[in-house]
Amino acid sequence: MSAPTSPPRSPDTTSVPARVVRTARNGVAVTFTLNGLAVGSWFSRVPAVREALDLTAGRLGLLLLAMSVGALLAMPTSGLLAQRLGAARTVTLATTLVALGLTVAGLGATVAGSAIVVAVGLMAFGYGSGACDVAMNVEAAAVERRLGRTVMPRFHAAWSLGSVAGAALGAGAARFDVPVGAHLIAVAVVVLTGTVLSARAFLPRLAVDPADQPTAASPAAGRRAQLAAWREPRTLLIGLFVLVAAFTEGSANDWLAVAFVDGRDLSEAAGAAVFGVFVVGMTLGRTAGTVALDRWGRVPVLTGTILLAVVGAGVAVLADSGPVAIVGVALWGLGASLGFPVGMSAAADEEAHAAVRVSVVAVIGYTAFLGGPPLLGFLGDQVGIRHALLVVPLLLLPTLALVSVLRPPNAAQPAPSAEKI
């Protein structure tokens with residue numbers, strides 16, 4: 001059995017009052033939830049945007065690529081930005097860009113009727129979301145370390161809950177013909193306001209010893225630390241694992257609603273509801289997964305969830321029965337639930353290098369969001385989006401060989417807390 005996954009706690013970084021850690025934990029959870037709400041709201045309205053702009057699957061894939069390009073542009077520097085400005089300020093600035101991007105994309109679809117305007121909005125949305133993703137994962141790893149037990153998947157479960165809420169709102173908006181622009185502007189206001197408030201609860205920057213943060217000394221030191229992380233085999237292999245995990249999750253985000261609308265003749269509202277089933281599966285997996293990870297360790301748990309995702313995705317695509325296919329969607333969500341958050345935890349196992357390593361892993365992982373939409377879109381033009389999704393299980397199976405690299409670098413047990421958190 002592999003070592004427990006709770007990260008080791010450094011004596012230099014555990015002198016934070018339990019009340020402060022609890023408050024930071026809650027703030028991080030709210031931040032993840034609101035980021036998920038923004039992303040889920042957008043993806044639930046993709047069929048409506050396609051309809052408004054009259055796009056083929058291939059052209060829709062190119063449009064979705066704009067969001068991925070924005071996120072990928074943010075990744076190389078977002079770790080250093082979080083190190084220098086602090087996670088709270090980085091998250092606040094990034095979410096401002098998310099809100100602006102949502103607004104522009106929504107108005108571009110319903111008012112301007114321009115794919116170019118939507119692409120500009122999506123690029124801003126992607127850039128802000130990518131920078132926020134790195135910063136909030138670095139903060140989440142710091143909170144997890146101080147709690148002394150595995151909680152990262154629960155933060156990502158909070159993100160999934162936000163996505164469920166976004167999908168539900170999107171389904172309701174589609175059902176009652178709410179314009180995409182009005183819907184996304186309202187979401188942008190809620191997400192920005194809530195994130196500004198929740199980021200104030202993050203851990204104080206003084207909780208981290210500056211001597212343990214090599215990238216904080218100077219820009220040159222930061223660049224050297226970033227380049228060094230790109231030469232670490234373990235970091236690169238974790239990044240490759242996260243890439244496939246991101247593709248498994250992202251392909252459902254991008255295409256699941258469209259695949260059920262086109263491939264199974266469902267309405268837009270029903271397609272958004274199917275996407276909601278996937279996100280519910282993700283949420284359940286991430287909520288229950290922390291117990292499994294602490295009991296059995298990363299390697300056996302991730303092996304089991306990958307196999308579950310393979311079966312679920314296959315059933316979702318190949319089943320003739322609609323209800324059986326929806327069961328497959330739920331299993332796909334359960335199976336895809338832990339790969340990304342556990343990969344981020346693994347990248348942040350050593351706090352002194354957490355920001356730069358999370359940034360490197362995020363760059364590699366987000367390549368899936370860069371290549372995934374056009375790959376599946378063009379393939380969908382040939383065989384239909386529904387059957388194009390068979391790429392997911394075909395990529396997952398070889399990933400089983402990478403699971404062992406996520407084992408913690410040491411077998412340290414979490415230190416007991418003097419005060420229960």
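Leaving aside neighbours within four places in sequence, which residues is Thr 399 in contact with? Point 1 takes this up. The model discussed here is predicted.

1. **Thr 399.** The contacts of Thr 399, beyond its neighbours within four places, are Phe 241, Val 244 and Ile 306. Thr 399 sits in helix H16, which covers residues 391-399. Its relative accessibility is 4%, so Thr 399 counts as buried. The side chain of Thr 399 also reaches back along the chain: the backbone oxygen of Leu 395 is at 3.0 Å.

2. **Overall make-up.** The protein has 16 helices and zero strands. Of its 421 residues, 59% are buried. Take the contacts with a separation of 6 or more: 86% of them join residues 24 or more positions apart. The exposed area is about 15700 Å². Carbon and sulfur atoms supply 68% of that area.

3. **The largest core.** The largest nonpolar core holds 123 residues. Those with the most contacts inside it are Trp 42, Leu 122, Phe 125, Leu 256, Phe 278 and Trp 332. Helix H5, residues 115-147, gives the most to this core, with 14 residues. Another core lies apart from it. That one has five residues, including Leu 80, Ala 229, Val 356 and Ile 364. As a general background, nonpolar side chains tend to be buried together in soluble globular proteins.

4. **Phe 278 up close.** Phe 278 is worth a look in the viewer. Residues up to four places away in sequence are not counted here. Phe 278 then touches Thr 248, Glu 249, Ala 252, Asn 253 and Leu 256, among others. Val 329, Trp 332, Gly 333 and Ala 336 are also on its list. Leu 256 and Trp 332 appear again among the core residues with the most contacts.

5. **Helix H13.** Is this helix largely enclosed or not? Nine of the nine residues of H13, residues 339-347, are buried, so the rest of the structure largely encloses the helix. The buried residues include Phe 340, Pro 341, Val 342 and Met 344. Gly 339, Gly 343, Ser 345, Ala 346 and Ala 347 are buried too.

6. **Salt bridge Asp 262 to Arg 50.** The protein has five salt bridges in total. In one of them, the side chains of Asp 262 and Arg 50 meet at 2.9 Å, N to O. Asp 262 belongs to helix H9 (residues 233-263) and Arg 50 to helix H2 (residues 46-53), so the pair ties together parts 212 residues apart in sequence. The two partners differ in exposure. Asp 262 is partly exposed, at 42% relative accessibility. Arg 50 is buried, with a relative accessible area of 15%.

7. **Salt bridge Arg 357 to Glu 232.** Here the closest N and O atoms are 2.8 Å apart. Arg 357 is in helix H14 (residues 354-383), while Glu 232 is in the loop between helix H8 (219-229) and H9. The two are 125 residues apart, so check both ends of this link between distant parts of the chain. Arg 357 is buried, with a relative accessible area of 11%.

8. **Arg 234, Asp 349 and a network.** The side chains of Arg 234 and Asp 349 also form a salt bridge, at 2.9 Å, N to O. Arg 234 lies in helix H9, and Asp 349 in the loop between H13 and H14. They are 115 residues apart. Arg 234 is partly exposed, at 24% relative accessible area. Asp 349 counts as buried, at 6% relative accessibility. Salt bridges with shared partners join Arg 234, Arg 298 and Asp 349 into one network.

9. **A nonpolar patch on the surface.** Leu 107, Val 111, Ile 185 and Val 189 form this patch. Together they have about 340 Å² of accessible area. Helix H4 (87-112) and helix H7 (180-199) each give two or more residues to the patch. Val 189, in helix H7, is exposed, with a relative accessible area of 52%.

10. **Two positive phi values.** Asp 54 has a phi near 55°, a positive value in a residue other than glycine. Asp 54 lies in the loop between H2 and helix H3 (57-85). With 64% relative accessibility, Asp 54 is exposed. Asp 177 also has a positive phi, near 55°. Asp 177 lies in the loop between helix H6 (152-175) and H7. Asp 177 is exposed as well, at 65% relative accessibility.

How values were computed:
Residues are numbered from 1 along each chain as its sequence is written. This is a predicted model: local features need pLDDT of at least 70, side-chain atom pairs count only at pLDDT 80 or more; totals for chains, interfaces and linings use all residues. Side-chain values use heavy atoms; hydrogens and water are left out. Buried means under 20% relative accessible area, exposed over 50%, partly exposed in between (1.4 Å probe, protein chains only). Helices (H or I, at least four residues) and strands (E, at least two) are DSSP runs, numbered from the N terminus. Patches are made of residues with over 30% relative accessible area and no salt bridge: like charges are joined within 9 Å, nonpolar side chains (Val, Leu, Ile, Met, Phe, Trp, Tyr) within 5 Å. Accessible areas come from the Shrake-Rupley method with a 1.4 Å probe; for residues, only the protein chains shown count as cover. A salt bridge is a side-chain nitrogen of Lys or Arg within 4 Å of a carboxyl oxygen of Asp or Glu. A nonpolar core is a set of buried Ala, Val, Leu, Ile, Met, Phe, Trp, Tyr and Cys residues joined through side-chain atoms within 4.5 Å. Contact means heavy atoms within 4.5 Å. A polar contact is a pair of N or O atoms within 3.5 Å; within protein, one must be able to donate a hydrogen and the other to accept it, and residues adjacent in sequence count only if both atoms are side-chain atoms.
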